Amino acid sequence: MNVQKDYFYTKSHEWVQFLSESTARVGLSDYAQSEMSDIVFVNLPQEGDLVSVGDSFADVESVKAVSDVYSPLAGEVSAVNEELLDSPQKINEDPYGAWLAEIKDISGKEELMDAAEYEKFLSESAE
């Protein structure tokens, strides 16, 4: 499993890349995309949507099932990766390049795991 060292993670397998103190990108981890298999559809939030930690803010459909994507942060959606609407398979091809949304005015970072903590969480989950 590929875990990016400079990203942060949630127990529901979303990643967070901080662009600044107040803005971050959110996507699905390599583990999440591999568990889902072939992703065929993405339903993204709208710019301006307010999100809260733990709330579903998007969903991803694979050949297996539809899975909710949970917001790892609180804030306002400032951008969405519209490229994924036409090419959802990019999440499978490059999960750390295929971000879902950018969130600004962020708060609620307390529950995030760094890469080492996430790798430990994955290994403990596999046991």
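The largest pocket of this predicted model holds about 160 Å³ of space. Its lining brings together residues from several stretches of the chain, among them T10, K11, S12, V53, Y70 and L112. Beyond the pocket, the points below take up a nonpolar surface patch, two residues with a positive phi, and salt bridges, of which the whole structure has 4.

**The largest pocket**
- The lining of the largest pocket is made up of T10, K11, S12, E14, V53, G54, Y70, S71, P72, G108, E111 and L112.
- Sorted by character, the residues of this lining comprise 4 nonpolar, 5 polar and 3 charged.

**A nonpolar patch on the surface**
- V40, F41 and V63 together form a nonpolar patch on the surface, and their accessible area adds up to about 280 Å².
- Within this patch, F41 belongs to strand β4, which covers residues 39–43, and F41 is partly exposed because its relative accessible area is 41%, a value between the limits of 20% and 50%.

**Two residues with a positive phi**
- H13 is not a glycine, and yet its phi is positive, at about 75 degrees; the residue sits in the loop between β1 (8–9) and β2 (14–18).
- With a relative accessible area of 15%, H13 is buried, since that term applies under 20%.
- S37, also a residue other than glycine, has a positive phi near 75 degrees, and its place is in the loop between α1 (30–36) and β4.
- The relative accessible area of S37 is 24%, so S37 counts as partly exposed.

**Salt bridges**
- E119 and K5 meet through their side chains in a salt bridge, with 2.9 Å from N to O; because E119 lies in helix α4 (residues 115–126) and K5 in the segment before β1, this pair ties together parts that are 114 residues apart in sequence.
- Of these two partners, E119 is partly exposed at 32% relative accessibility, whereas K5 is exposed at 60%.
- A salt bridge also joins the side chains of E102 and R25, again with an N to O distance of 2.9 Å, and it links distant parts of the chain, with E102 in strand β9 (residues 101–107) and R25 in strand β3 (residues 23–28), 77 residues apart.
- E102 is buried, with a relative accessible area of 15%, while R25 is partly exposed at 24%.
- The side chains of E83 and K90 form a salt bridge at 3.3 Å, N to O; E83 is partly exposed with a relative accessible area of 45%, and K90 is partly exposed with 27%.

Conventions: Residues are numbered from 1 along each chain as its sequence is written. This is a predicted model: local features need pLDDT of at least 70, side-chain atom pairs count only at pLDDT 80 or more; totals for chains, interfaces and linings use all residues. Side-chain values use heavy atoms; hydrogens and water are left out. On a 1 Å grid over the protein atoms alone, a cavity is a set of points where a 1.4 Å probe fits but cannot get out, and a pocket is an open set with protein on both sides within 12 Å along at least five of seven lines; lining residues have an atom within 4 Å of a point. Grid points are joined across faces, edges and corners, and a volume is the space filled by probe spheres set on the points. Ala, Val, Leu, Ile, Met, Phe, Trp, Tyr, Cys and Pro count as nonpolar, Asp, Glu, Lys and Arg as charged, and the others, Gly among them, as polar. Patches are made of residues with over 30% relative accessible area and no salt bridge: like charges are joined within 9 Å, nonpolar side chains (Val, Leu, Ile, Met, Phe, Trp, Tyr) within 5 Å. Accessible areas come from the Shrake-Rupley method with a 1.4 Å probe; for residues, only the protein chains shown count as cover. Helices (H or I, at least four residues) and strands (E, at least two) are DSSP runs, numbered from the N terminus. Buried means under 20% relative accessible area, exposed over 50%, partly exposed in between (1.4 Å probe, protein chains only).
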